[in-house]
Each structure stands twice: as C-alpha cells, then as structure tokens.
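Here are some notes to read alongside the model. Take a look at it first, then work through the points in order.

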Amino acid sequence: MEPIADPLAAVRNLFVETEEAAPVVPASAEDCATFSDDSMVCTCNNVNAGEIRDLIRSGECNSLDDIQVKTRAGGSCGACLPYVAGIVQVEITARPDSGI
C-alpha cells in the first residue's frame, strides 16, 4: 500500500517560521513617471497607475500597505511590487503635507 500524501502539508507550511521577507525596493521616480494614469501596473489584479495615484492623493491610502489592502496590487505574482511601491513613494513625497 502506498503512503497517503498529507493533505494538510501545504496549510502547515503557511505557519512555519521562515526567513524574514526582503524589503521592497521601490522603482525610481523616473521609471514611475513613465506610467500614464491609464497604464496597467498590476495586471494580476487589474490596477492602473491612476487608481494608485488617486488613492494616495485623496488621502484614502497613506502607505504601500494601504494600497495593497485596498487594491490588492502586488499581492499576486509580485512582479509589479517595485512599481507599485515607487508610485506610492512618489505620490507621498509630492504631497504638500509630506514635509520631505
């Protein structure tokens, strides 16, 4: 008789302590400026640059975490995460109240 695969192995792996995630390095302001508001930044979750910019400018979102919770951008494959983080950084820095 063949051993039965553990059906809960994948779930258990979610709770195993792993190395701390590497910090996200935002794309440069120059790279982020190439995205028009209609440009799709996160194709997995259908989020464009304008949506990210609007959420930051309106004050509804104030960080990369806020954007990820609200839009799920960068939460699937992760390939767009540097661009999402870069756009957030550029918009927060451009705020009149940013003090930067």
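1. Start with glutamate 91 and arginine 57, which form a salt bridge whose closest N and O atoms are 2.7 Å apart. It's a contact between distant parts of the chain: glutamate 91 belongs to helix H5 and arginine 57 to helix H3, 34 residues apart. Keep in mind as you go that this is a predicted model.

2. The two partners sit in contrasting surroundings. Glutamate 91 is buried, because its relative accessible area of 9% falls under 20%. Arginine 57 has a relative accessible area of 52%, and that is over 50%, so it counts as exposed.

3. Which other residue does glutamate 91 meet in a salt bridge? Its side chain also pairs with that of arginine 53, at 3.7 Å from N to O. Once more the link runs between distant parts of the chain, from glutamate 91 in helix H5 to arginine 53 in helix H3, and the two are 38 residues apart.

4. Now follow arginine 53 the other way. Arginine 53 forms a salt bridge with aspartate 37 as well, and here the closest N and O atoms are 2.7 Å apart. Arginine 53 lies in helix H3, which covers residues 49–57, while aspartate 37 is in the loop between H2 and E1; the pair is 16 residues apart and again joins distant parts of the chain. Arginine 53 is buried, with a relative accessible area of 8%, whereas aspartate 37 counts as partly exposed at 37%.

5. Put those contacts together and you get a network of salt bridges linking Asp37, Arg53, Arg57 and Glu91. The count for salt bridges comes to four, so if you're tallying, the bridges described above are among them.

6. How many aromatic pairs does a search of the whole structure find? Just one. The rings of phenylalanine 35 and tyrosine 83 have centres 5.5 Å apart and planes at 65°, and since an angle over 60 counts as edge-to-face, that's what this pair is.

7. The aromatic pair also spans distant parts of the chain: phenylalanine 35 is in the loop between helix H2 (29–33) and strand E1 (40–42), tyrosine 83 is in helix H5 (residues 81–94), and 48 residues separate them. Phenylalanine 35 is buried at 17% relative accessible area, while tyrosine 83 counts as partly exposed at 33%.

8. Last, the cysteines. Searching the whole structure turns up zero disulfides. Why is there no bond at cysteine 42? Its sulfur is 3.8 Å from the closest cysteine sulfur, the one in cysteine 80, and that is too far because a disulfide needs the sulfurs within 2.5 Å. Cysteine 42 itself is buried, at 2% relative accessibility.

9. Cysteine 44 tells a similar story: the closest cysteine sulfur to its own is in cysteine 77, 3.8 Å away, which is too far for a bond. Cysteine 44 counts as partly exposed, with a relative accessibility of 43%.

Notes: Residues numbered from 1 in each chain as written. Predicted model: local features only at pLDDT ≥ 70, side-chain atom pairs only at ≥ 80, totals over all residues. Heavy atoms only, no water. Phe/Tyr/Trp six-rings, centres within 6.5 Å; stacked < 30°, edge-to-face > 60°. Helix = DSSP H or I, 4+ residues; strand = E, 2+ residues; numbered from the N terminus. Buried < 20%, exposed > 50% of the residue type's maximum accessible area, 1.4 Å probe, protein only.
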